[in-house]
Amino acid sequence: MELRLILGDQLNAGHSWFRTQDPAVCYLMAELRQETDYCRHHRQKVLAFFAAMRAFAAALTKAGHRVCYLTLDESAPWPDLPSLLAAQLEAHQAERFAWQSPDEWRLASQLTQWASGLAIPTAEVDSEHFLTPRDGWRRYPHSRMEFFYRALRKQYRVLLDERGQPLGGRWNFDAENRAKLPASQPIPAPLTFANEVSDIDAMLTRHGVATLGSADADALPWPVTRR
């Protein structure tokens, strides 16, 4: 069996991992004190992350994937990600371990170092979040953002004419974009939601998770699902 880790900011239903269902693959997701505590987050952020993670795990299960989801209550015995992973590899009798490249260097270093000591085969795969790979800066112009931007426009044929020139005859319209919004132009109301997350809020309080700010746990305004 292969255990695959999904981090809280890797809720990408379009990832190639999920194109097929495999009973020999189990997706592991976990709410962790390591991630709530490495710095102090806004309470609404933590609530939104955990609510989104739970919704994503439910969607994967509904799509026919095997999922192991651990709430903060269930992950409490393990102080950090490596100790939790070691326990889960043993519990699932996993023969392989895989993870998507974390976008955050802190986690990338932690996972790479820990996985290097495993006696089973491991694999780090692309998170498929970006148009360029992590080391892409070595192959693209990067002395100025403008040149990097143009290179990607050309590679992916974004807003170019048949001659490979920018539509409108210019690469950017930054000068116009610096203009102030006219006073007569009304600012549209933001799109908000009303997610009920009181159970997660109570769990954070129960575990003494320190956060910034406040939140209405009966109507969290941020989107937490793809839909």
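Q: How many disulfides does a search of the whole structure find?
A: It finds 0 disulfides. Keep in mind that this is a predicted model.

Q: Why is there no bond between the sulfur of Cys-26 and the closest cysteine sulfur?
A: That closest sulfur belongs to Cys-68, and it sits 5.3 Å away. To count as a disulfide, the two sulfur atoms must be within 2.5 Å. So 5.3 Å is too far for a bond.

Q: And what about Cys-68, which cysteine sulfur is closest to its own?
A: Looking from the other side, the closest one is in Cys-26, again at 5.3 Å and too far for a bond.

Q: Why is Cys-26 called buried?
A: Its relative accessible area is 1%, and buried means under 20%, so Cys-26 makes the cut. Cys-68 has 13%, so it counts as buried by that cut-off too.

Q: What makes Ala-58 partly exposed?
A: Ala-58, found in helix α2, has a relative accessibility of 46%. Partly exposed runs between 20% and 50%, so 46% lands in that range.

Q: How do you know that Ser-101 is buried?
A: Check its relative accessible area: 16%. The limit is under 20%, so Ser-101 is buried. You'll find Ser-101 in the loop between β5 (96-100) and α5 (105-115).

Q: What makes the pairing of the Ser-101 and Glu-124 side chains a polar contact?
A: The distance is 2.9 Å, and the cut-off is within 3.5 Å for a pair of N or O atoms, one able to donate a hydrogen and the other to accept it. So the pair qualifies. Ser-101 also touches other residues, including Gln-10, Val-125 and Arg-134.

Q: How do you know that the length of helix α6 agrees with what it should span?
A: Helix α6 (residues 145-156) has 12 residues, and at 1.5 Å a residue they should span 16 Å. The end C-alpha atoms are 17 Å apart, which agrees. Among the buried residues of α6 are Ala-151 and Leu-152. Just after α6, Arg-157 takes a positive phi of about 55°.

Q: Which residues have the most contacts inside the largest nonpolar core?
A: They are Ile-6, Phe-18, Met-29, Phe-50, Val-197, Ile-200 and Leu-204, in a core of 27 residues. Helix α2 gives the largest share of this core, 10 residues. Phe-18 touches several residues, among them Ile-6, Tyr-27 and Phe-56. A second, separate core of 21 residues includes Cys-26, along with Met-1, Leu-28 and Ala-30.

Conventions. Residues are numbered from 1 along each chain as its sequence is written. This is a predicted model: local features need pLDDT of at least 70, side-chain atom pairs count only at pLDDT 80 or more; totals for chains, interfaces and linings use all residues. Side-chain values use heavy atoms; hydrogens and water are left out. A nonpolar core is a set of buried Ala, Val, Leu, Ile, Met, Phe, Trp, Tyr and Cys residues joined through side-chain atoms within 4.5 Å. Buried means under 20% relative accessible area, exposed over 50%, partly exposed in between (1.4 Å probe, protein chains only). Helices (H or I, at least four residues) and strands (E, at least two) are DSSP runs, numbered from the N terminus. Contact means heavy atoms within 4.5 Å. The expected span of a helix is 1.5 Å times one less than its number of residues. Lists of a residue's contacts leave out its neighbours within four places in sequence.
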